[in-house]
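Okay, everyone, let me pull this one up on the screen. Have a look, and then I'll walk you through it.

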Amino acid sequence: SNYCNMRRELQNLGINHVDGIVLDLGVSSYQLDAADRGFTYRVDAPLDMRMDQRQTKTARDIVNGYTEHELYRVIRDYGEEKFAANIAKHIAAAREKKPIETTGELTEIIRAAIPAKIRAVGGHPAKRTFQAIRIAVNDELGAVEDMLGKAGDLLNPGGKLLYRNRSFLIEGMLFSLINADLSLFLLQIIHYSFLCPDALLGALK
């Protein structure tokens with residue numbers, strides 16, 4: 001189950017509080033590698049990007065429905081893309097002619113928005129924008145913020161929260177939340193990226 005549902009799942013088991021919580025905050029490579037889900041710029045597919053197929057908002061809705069300024073902020077904040085303004089401008093111009101339906105169409109629009117000399121040395125030009133749209137579609141940062149608040153309620157005094165994370169965006173948000181609420185220091189939050197399973201068990205003791 002999604003970690004946002006942990007309180008409900010624990011209550012279903014008759015558990016109200018725990019001594020430790022372990023979270024993997026990374027995205028699922030299995031889902032990202034599924035060509036038909038629209039996560040990758042390497043394969044032409046419908047603009048979807050939903051982790052949970054039950055939700056209604058898709059990448060198509062964001063790409064075609066957000067204002068140019070909203071797109072700019074998503075691409076800048078979630079993709080840390082320095083050409084965010086130009087990419088948003090190109091997307092807005094392209095969708096005036098016809099809706100943007102596929103990852104291939106979006107990739108070509110992004111490519112045209114980035115100077116050729118940057119494209120030649122900066123990795124795939126669509127990488128940061130696709131990341132940004134995926135985060136927006138799935139409200140990934142909002143889910144982490146919600147989770148952290150619930151963890152504080154679920155942990156016993158002296159309890160520990162261990163997490164693994166590969167995203168600088170999530171890392172920055174975690175520290176911002178901790179600094180805003182000093183009581184979170186009592187959770188003994190531990191970053192466990194390099195801990196083996198046995199060490200994980202030891203860290204929870």
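**A walk through the model**

So, the overall inventory: the protein has eleven helices and three strands. Going along the sequence, they come in the pattern α-β-α-α-α-α-α-α-α-α-β-α-β-α. Keep in mind that this is a predicted model. How good is the mean pLDDT of the protein, then, and what share of its residues reach 70 or more? The mean is 81, and 77% of the residues get to 70 or above. There's one stretch to flag, residues 182-197, where pLDDT stays under 50. For that stretch the model still has 42 contacts beyond four places in sequence.

Two global numbers before we zoom in. Of the 205 residues, 40% count as buried. And if you take the contacts with a separation of 6 or more, 68% of them are between residues 24 or more positions apart.

Okay, helix packing. Two packed helices are described by the angle between their axes and the distance between the axes. For helix 4, residues 68-79, and helix 8, the axes come within 8 Å and cross at roughly 100°. Since 65 to 115 degrees is the perpendicular bracket, helix 4 and helix 8 are therefore roughly perpendicular to each other. Who makes the contact? On the helix 4 side you have V74, I75, Y78 and G79, and helix 8 brings in R128, T129, Q131, A132, I133, I135 and A136. By character, the residues of this contact split into seven nonpolar, three polar and one charged.

Stay on helix 8, since the aromatics take us back there. The count of aromatic pairs comes to one. The rings are those of Y41 and F130, with centres 5.6 Å apart and planes at 90°, so the pair is edge-to-face. Which parts of the chain does it link? Y41 is in the loop between helix 2 (29-32) and helix 3 (59-65), while F130 is in helix 8, residues 127-138, and the two are 89 residues apart. Both Y41 and F130 are buried.

Now, backbone oddities. As a reminder, most residues other than glycine have a negative phi. M49 has phi near 70°, a positive value in a residue other than glycine. Where does M49 sit? It's in the loop between helix 2 and helix 3, and that's also the loop that holds Y41. Is M49 buried or exposed? Its relative accessible area is 0%, so M49 is buried.

E80 is another one: phi is positive, about 50°, and E80 isn't a glycine either. You'll find E80 in the loop between helix 4 and helix 5 (84-97). At 46% relative accessibility, E80 counts as partly exposed.

Last stop, D19, which lies in strand 1, residues 18-24. D19 is exposed, with a relative accessible area of 54%; the cut-off for exposed is over 50%. What does D19 touch, leaving aside its neighbours within four places in sequence? The contacts are L155, N156, G159 and K160. For P157, the C-alpha separation from D19 is 7.9 Å, with those positions 138 residues apart along the chain.

To recap: a roughly perpendicular crossing of helix 4 and helix 8, an edge-to-face pair of Y41 and F130, and positive phi values at M49 and E80. And please be careful with residues 182-197, where pLDDT stays under 50. That's it from me.

Methods: Residues numbered from 1 in each chain as written. Predicted model: local features only at pLDDT ≥ 70, side-chain atom pairs only at ≥ 80, totals over all residues. Heavy atoms only, no water. Phe/Tyr/Trp six-rings, centres within 6.5 Å; stacked < 30°, edge-to-face > 60°. Helix = DSSP H or I, 4+ residues; strand = E, 2+ residues; numbered from the N terminus. Buried < 20%, exposed > 50% of the residue type's maximum accessible area, 1.4 Å probe, protein only. pLDDT = per-residue confidence, 0-100. Contact = heavy atoms within 4.5 Å. Axes fitted to C-alpha atoms, helices over the stretch in contact; angles between N-to-C directions. Parallel < 35°, antiparallel > 145°, perpendicular 65-115°, else oblique. Nonpolar A, V, L, I, M, F, W, Y, C, P; charged D, E, K, R; others polar.
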